[in-house]
Amino acid sequence: MNADHRLEPNAVLPKVIGHRGAAGHAPENTLSGLRKAHELGTTWVEFDVMLTAEGTPVLIHDETLGRTTDGKGRLTDHRWEDLRGLDAGAWFSSAFRGERVPSLHQALAVLGHLGLGANVEIKPSSDQDATTGVIVAKTLQESWPANLPAPLLSSFSEKALAAAADQAPEFPRALLVGKVPSDWQARCDSLGATGLHAGARQLTEKQARRVIDAGYTLRVYTVNDQALADRLFAWGAESVFSDFPDRITPP
Ligand code: G3P
Ligand code: MG
């Protein structure tokens, strides 16, 4: 893909994006998390999407169920019909007992209702990169709420992002990295990605400025501290992803 044909999001993203919904306040990647982010005044959220055994896209971060649900084993060994009864809230707090793992379809309905924009992180389980990219992109093409700005797709998996781009070239993309690799620009260009989403811990001012000076949008995760956010904004970051979006005051 050529850099000249890169897509920009059709909306200006806010300075602070809710991470996994609003993961500091409500169980991550749940409908309550999306609602909580909205309640806090957040206008965009990020969440993670992975496929169940038969290929239903659902909101979850880990390949295994144990940390965020009362289920066991790998997500890819469970069908949606087995998964939908699991509790995805009690681990966080008893106030969220009965919360479920949402399907992407359910989450999209809530986003549309709340008027909440989203960065959909494609999170393939092992060896499911291309399939996950295609199914997530297809689901967004079919069911993205018409009242919202286009979703921003991102992934650590370049294979998944490339497959999503083939399926849905109309959606803007960002490459996700932990540490910024030396060839970040070539990687972004080959994906038609206009943004780089980098980990806060290892990012340097020099790298940040280089990305921005080259004309790419830099967004940084996960930022729960005002001093860090101030520094990143001063370096030119467009947005930060925060578990506590209410704790970060934009410049
Ligand atoms: O998309 C930003 C951030 O969510 C990437 O890391 O592990 O929290 O999905 P992770
Ligand atoms: Mg994520």
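Here is a short chat about a metal site and some salt bridges in a predicted model.

Colleague: Hi! Which residues are the protein donors of the magnesium ion (ligand 2)?

Modeller: Hello! In this predicted model, the donors are Glu-46 (OE), Asp-48 (OD) and Glu-121 (OE). They lie 2.0 to 2.1 Å from the ion.

Colleague: Nice. How are those donor residues spaced in sequence?

Modeller: The spacing reads E-x1-D-x72-E. Asp-48 belongs to strand E2 (residues 44–51) and Glu-121 to strand E4 (residues 117–122), so this pair ties together parts that are 73 residues apart in sequence.

Colleague: And is Asp-48 buried or exposed?

Modeller: Asp-48 is buried, because its relative accessible area is 1% and the cut-off for buried is under 20%. Glu-121 is buried too, with a value of 4%.

Colleague: Let's switch to salt bridges. How many are there?

Modeller: The count comes to 13.

Colleague: Back to Asp-48 for a second: which side chain does Asp-48 meet in a salt bridge?

Modeller: That would be Lys-123, at 4.0 Å from N to O. The two sit in distant parts of the chain, 75 residues apart: Asp-48 is in strand E2, while Lys-123 is in the loop between E4 and helix H4 (129–143). Lys-123 counts as buried, at 12% relative accessibility. So Asp-48 turns up twice in our chat, as a donor of the magnesium ion and as a salt-bridge partner of Lys-123.

Colleague: What about Arg-67, which residue does Arg-67 form a salt bridge with?

Modeller: Arg-67 pairs with Asp-62, and their closest N and O atoms are 2.7 Å apart. Arg-67 counts as partly exposed, at 36% relative accessibility, whereas Asp-62 is buried, at 16%.

Colleague: Which residues are linked with those in a network of salt bridges?

Modeller: The network links Arg-20, Glu-28, Asp-48, Asp-62, Arg-67, Glu-121 and Lys-123. You'll recognise Asp-48 and Glu-121 from the magnesium ion.

Colleague: One last thing. Where are Glu-158 and Arg-187 in the chain?

Modeller: Their side chains meet in a salt bridge, at 2.7 Å from N to O. Glu-158 is in helix H5 (residues 158–167) and Arg-187 is in helix H6 (residues 184–191), so to speak distant parts of the chain, 29 residues apart.

Colleague: How accessible are they, then: what is the relative accessible area of Glu-158?

Modeller: For Glu-158 the value is 26%, which makes this residue partly exposed. Arg-187 is partly exposed as well, with 29%.

Terms used: Residues numbered from 1 in each chain as written. Chains lettered and ligands numbered in written order. Predicted model: local features only at pLDDT ≥ 70, side-chain atom pairs only at ≥ 80, totals over all residues. Heavy atoms only, no water. Donors = N, O, S within 2.8 Å, 3.2 Å for Na, K, Ca; no water. Helix = DSSP H or I, 4+ residues; strand = E, 2+ residues; numbered from the N terminus. Buried < 20%, exposed > 50% of the residue type's maximum accessible area, 1.4 Å probe, protein only.
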